[in-house]
Each structure stands twice: as C-alpha cells, then as structure tokens.
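Here are my comments on the model, set out as numbered points. Please read them with the coordinates open.

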Amino acid sequence: MKSAEEQLSTYKSVHLNPKNINTHFIGVPLIIWSLFLLLNLIPINFFTLDSLGLNINLASVFAIGISIYYIKLHARIAIGLVMFIIPVLYTSSLVAQQSGGLWIALAVFVVGWIIQLIGHQYEKAKPAFIDDLNQLLIGPFFLMAEVYFFLGLEPELDKQITPMAVEKRRALEAERRAMSS
C-alpha cells in the first residue's frame, strides 16, 4: 500500500488550483453521499439489531472497510473522515427508506460529477483517478487533509506533500508537452 504522503501528493498534483479544490468540497461529498444511498438501496442485510436501531447492510460494511483503509493510511485524518462518514451513512439510510431513493441517488451522483468536471476545467488537468482508480478513494482523504491543513493541523504532512505534488505536476506537464510534439 502506498503511503499517505504518496497518495496525497499524487492527488494534489492535479488539484493545485484553489477553484478546483473548492468545487471538490461540493462535488466529492455529493458523490460520496449518493454512493452510500445506492449501497443502502441494495437489499443485503448482514444483521439487524432492532432494539438498538442498528442495521448492518452493504453501506455499513463499506463504511467500516473504507474507515479501516483510511486508518491504515493516516489515523488522525481518518478520525475526521469517520466523523464525516457517520452522518452520511445515517442520512443516506433515511433517504433509502423513502420512495424515489434510486432517482435521488442518481441525480445527486450526476450533479456531483458535473461539479467535479467543472473544477478540472479550472485546473486544466484530468482527474487523478484516470491514471489510478485508487485515487477515487483518496478524494475524500485529500479533502479532509486540506481541512486539517487549513486548521493548522498536520503541518508537517502539508510541508511534505505540496512540493511532491508540484514536482509530479511538472513531470505530467512535461510528459504532455513531449507527447504533443
């Protein structure tokens, strides 16, 4: 497994424009919420504890699995992500119980991706997942890291990944120029 620094610097290399990052703060949560809603709509329940109001379904299993992945990458940033995932899991579960959940999920998913693609027009770079599908999982991790950096948390991580990202971006642009020549 690649380190948090490696994953974040790769993602950040195509997310250096503040306008692009801002669109991701809208688009990524919409996409995540819609995916949790879709997972809640798949009728696989591993077990239910009605007395506690607890239903372990595909969305819950995914939340646990992705949380473990984020903890292995960087435990402190994972705490923020878990605090984000819990209300996403809960609210998507509530909407899944209503009629029209599938259409809501699809509409939110499409809107989220449109916002993402608008951001990449500002960046003038393709999304990170085009070259590495694992970067789809890093998007939320990157945004939480950006929140931490904004709050003055994890300054050493920020100092590490930004120069790495800039260097990777230069290499990408050099490769693109070489291919167009």
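**Notes on the predicted model**

1. The side chains of Lys168 and Glu6 form a salt bridge with an N to O distance of 2.6 Å, a salt bridge being a side-chain nitrogen of Lys or Arg within 4 Å of a carboxyl oxygen of Asp or Glu. Because Lys168 belongs to helix α7 and Glu6 to helix α1, the pair ties together parts that are 162 residues apart in sequence. Helices (H or I, at least four residues) and strands (E, at least two) are DSSP runs, numbered from the N terminus. Glu6 is partly exposed at a relative accessible area of 28%, where buried means under 20% relative accessible area, exposed over 50%, and partly exposed in between, with a 1.4 Å probe and protein chains only.

2. On provenance, this is a predicted model in which local features need pLDDT of at least 70 and side-chain atom pairs count only at pLDDT 80 or more, whereas totals for chains, interfaces and linings use all residues. Residues are numbered from 1 along each chain as its sequence is written, and side-chain values use heavy atoms, with hydrogens and water left out.

3. How many salt bridges are there by this rule? The count comes to eight. One of them joins the side chains of Asp158 and Lys12 at 3.9 Å, N to O, and this pair links distant parts of the chain, with Asp158 in helix α7 and Lys12 in helix α1, 146 residues apart. Asp158 is partly exposed at 25% relative accessible area, whereas Lys12 counts as buried at 9%. Lys12 and Asp158 are also linked with Glu146 in a network of salt bridges.

4. A salt bridge within one helix joins the side chains of Glu173 and Arg169 (3.1 Å, N to O); both residues lie in helix α7, four residues apart, which is about one turn of the helix. In general, an α-helix has 3.6 residues a turn, so residues three or four places apart point the same way. Glu173 is partly exposed, with a relative accessible area of 26%, while Arg169 is buried at 10%.

5. Helix α2 covers residues 18-41, and its 24 residues reach 35 Å from first C-alpha to last, close to the 34 Å expected at 1.5 Å a residue, the expected span being 1.5 Å times one less than the number of residues. A kink of about 30° is nevertheless centred on His24 in α2, the bend at a residue being the angle between axes fitted to the seven residues ending there and the seven starting there. At the N-terminal end of α2, Asn17 acts as a cap, with a side-chain oxygen 2.7 Å from the backbone nitrogen of Lys19.

6. Also in helix α2 is Asn40, which is buried at 13% relative accessible area. Neighbours within four places in sequence aside, Asn40 is in contact (heavy atoms within 4.5 Å) with Asn57, Ala59, Leu89, Ser92, Ser93 and Ala96. Pro43, in the loop between α2 and β1 (45-49), counts as exposed at 77% relative accessibility.

7. The largest nonpolar core has 38 residues, and those with the most contacts inside it are Leu8, Phe36, Tyr70, Leu73, Ile77 and Phe141; a nonpolar core is a set of buried Ala, Val, Leu, Ile, Met, Phe, Trp, Tyr and Cys residues joined through side-chain atoms within 4.5 Å. Helix α6 gives the most to this core, with eight residues. Leaving aside neighbours within four places in sequence, Leu73 is in contact with residues including Met1, Ala4, Ile138 and Phe141.

Key. Polar contact = N/O pair within 3.5 Å; in protein donor to acceptor, adjacent residues only side chain to side chain.
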